[in-house]
Amino acid sequence: MAVSELGSIAEIEGWTQPKQEPFITRMTKGLWKFCRRKPLGAVCGFIVVFFFIVGDVIPETLNKISSTAGIAESPVPYVADQLEQTTGIIYPYSKQDLRARLEGSSSKHLLGTDAIGRDILSRLLYGARTAVMVSFGAVALNQTIGATIGIMSGYYGGWVDKGLYRVVDVFQALPGLVVLITVLGIFGSGLWQLVFVIGLYGGPGQSRVVRGQTIYVMASPFIEAARVIGASDIRIMFKYVLPNVAALIILNATVSLGFIVLLEASLSFLGYGLPPPFPSWGQMLSLEGRQYMRTQPGLAIYPGVAIGILVFSFNLFGDALRDVLDPRLRGSR
Amino acid sequence: MVTILTFLFLRVFLPADVIDLIIGEYGRNDPALREALEKELGISGNLFSQYLDWIGLSWFWGGPTGILQGDLGESLHSGRPVLGELKRRVPVSFELGLWAQMSAIVVAVPLGVWAALKQDKWPDYGLRSTAILLNSVPSFWIAVLVITFGSIWFNWAPPINFKYLTEDPVAHLKIMALPAIIIGITPSGGLIRLIRTQMLEVLRQDYIRTAHAKGLSQNTVLYKHALRNALIPVVTVIGVGLPNIIAGTVIFEQIFIIPGMGRYLVDAVNNLDYPVVQGLNLVFALLLMFSILLVDLSYAFLDPRIRFR
């Protein structure tokens with residue numbers, strides 16, 4: 001009733017409220033526009049989302065369902081069993097079939113098997129989970145760190161800026177992989193260690209762009225206005241600066257996603273990734289598999305292709321996103 | 001600064017583990033033995049004095065020798081001094097990195113220029129997609145493929161016996177060439193794209209038109225006027241890409257069995273051989289800083305405007 005009353009008053013006053021579409025309509029419209037303008041980028045975006053769903057969402061939700069239903073003690077094997085039964089071609093990642101070692105592709109094992117009879121396709125699919133979780137986790141962490149440092153030093157300036165930037169400089173002078181190998185090799189590796197160490201290491205370097213943009217934003221009048229109405233520093237940083245640098249942070253994130261997938265792959269390749277039997281693309285290419293590649297070349301090909309597709313989609317998606325979000329760089333690459 | 005960080009990283013958490021590892025080899029947990037070992041390995045006392053020992057500042061008042069005296073300590077595993085080992089290994093890795101960087105530039109510069117000259121024609125599209133593709137494929141995968149299919153099709157395998165440059169230059173270069181080229185592939189993808197962008201920008205400048213109008217030949221304009229200006233930002237990217245190259249050497253020394261710093265690092269980390277790990281981290285960081293300095297200096301060489309600032 002109140003709504004209709006308001007409407008009538010507005011009509012009398014000759015003023016109508018600007019029509020705001022519901023959030024979902026706006027989102028789909030925006031997405032559609034993005035797809036129309038950047039078809040290639042959109043396709044790659046879908047690939048990324050696909051990997052995310054296959055690698056993360058499906059196993060997680062299935063785990064939740066099975067553990068709340070109390071069906072299995074440890075949820076993952078249950079889910080894997082279900083997958084095996086329903087599809088018939090996706091096996092648990094550590095299931096060995098010793099009679100079918102180093103087989104080529106067949107209807108039972110679409111991409112063949114490895115040296116101890118594990119199905120390569122299944123390991124690739126479960127490996128997507130590792131890649132996606134490490135990259136998204138590490139990116140979330142390093143963007144948080146980067147944004148915090150960048151906004152803080154851009155906002156306060158002066159000695160805060162100088163102090164923080166000494167730290168950033170030191171982090172950037174560290175030779176990446178060497179430090180990561182040292183830390184992971186000595187403290188042991190695992191999913192969370194990988195996420196934490198990669199995220200922490202990459203964080204400070206991400207802050208430079210954010211700092212630059214923050215300084216640019218600080219010069220605009222709405223910051224002054226916010227200060228005049230008595231907003232606190234933290235409020236200004238969160239409500240006025242952060243939304244204005246958010247586009248940059250998203251760009252940084254998409255660009256570093258691909259980089260981190262490669263980094264994780266090289267770490268597992270050298271043996272500092274997830275401990276076996278957890279599947280990881282880099283580790284599938286590493287030494288233990290290399291001696292059998294002569295007999296089964298698929299071992300050497302498929303994991304690399306998987307990494308390539310994922311990183312390629314990340315990169316193209318990032319490029320497309322940059323073209324849309326950052327007008328200065330439009331069409332320059 | 002880097003020394004402090006390296007030191008803190010390793011010392012705060014590590015020493016107990018190493019001692020446990022070594023004591024485990026003796027087979028009994030004897031406090032006296034533990035103390036003696038700690039003293040011998042230079043990890044007794046508080047952190048600050050340990051750090052002074054390692055740096056070698058405490059040498060001035062009668063402590064053991066440290067980095068300032070050119071002593072990086074000894075390997076816990078083999079007992080050999082770290083410095084001597086590094087003297088053999090640093091040149092190898094450095095050389096590999098240098099070749100890799102060179103191959104990246106040698107590939108990327110002509111291709112980037114070509115893509116810029118043929119803008120929006122098929123060589124441009126082809127090169128750009130190839131460049132993105134190269135950027136997103138892990139270089140160690142290419143190495144694995146080369147080794148696998150090299151052995152399947154041509155019955156070829158990378159040589160196992162490493163030859164030093166002084167021993168047998170030809171064999172040495174044969175060993176180094178392949179890893180260097182493959183390490184260079186990943187950075188060259190990014191370089192191609194950057195050089196293309198820069199060339200396009202520079203080619204639209206007025207002074208290029210002036211140079212053409214003066215009647216200079218196409219090649220002179222291209223190489224003396226355009227390329228030189230287009231390369232300035234490229235130098236930065238080369239500097240930024242250096243950690244990538246270092247990472248490449250670490251991985252490829254594993255694959256191609258080259259006795260450089262990377263292999264040393266991986267072995268040392270696996271043995272918890274902390275003097276070696278500390279020394280290596282230091283050397284890697286110093287090398288990186290040195291190269292960045294070199295890149296900065298080459299700015300001045302390429303762009304006279306910076307020299308007058």
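Visitor: Among the elements of chain A, which helix has the highest mean pLDDT?
Guide: This is a predicted model, in which local features need pLDDT of at least 70, side-chain atom pairs count only at pLDDT 80 or more, and totals for chains, interfaces and linings use all residues. Residues are numbered from 1 along each chain as its sequence is written, while chains are lettered from A and ligands numbered from 1 in the order in which they are written. The pLDDT is the predictor's confidence in each residue, from 0 to 100, and helices (H or I, at least four residues) are DSSP runs, as are strands (E, at least two), numbered from the N terminus. Helix α1 (residues 2-13) of chain A has the lowest mean, 50, whereas the highest, 87, belongs to helix α10 (residues 221-228) of chain A.

Visitor: What is the mean pLDDT of chain B?
Guide: Among the elements of chain B, the mean is lowest, at 46, in helix α2 (residues 15-26) of chain B and highest, at 82, in helix α9 (residues 206-213) of chain B. Over residues 8-29 of chain B, pLDDT stays under 50. In chain B, 66% of the residues reach 70 or more, and the mean pLDDT is 71.

Visitor: How many helices does the secondary structure of chain B come to?
Guide: Read along the sequence, the pattern of chain B is written with α throughout. The secondary structure of chain B has 0 strands, and its helices number 14.

Visitor: Of the 309 residues of chain B, what percentage count as buried?
Guide: A residue is buried if 20 or more other C-beta atoms, placed from the backbone, lie within 10 Å of its own, exposed if 12 or fewer, and partly exposed in between. By that rule, the buried share of chain B is 35%.

Notes
Two residues are in contact if their C-beta atoms, placed from the backbone, lie within 7 Å.
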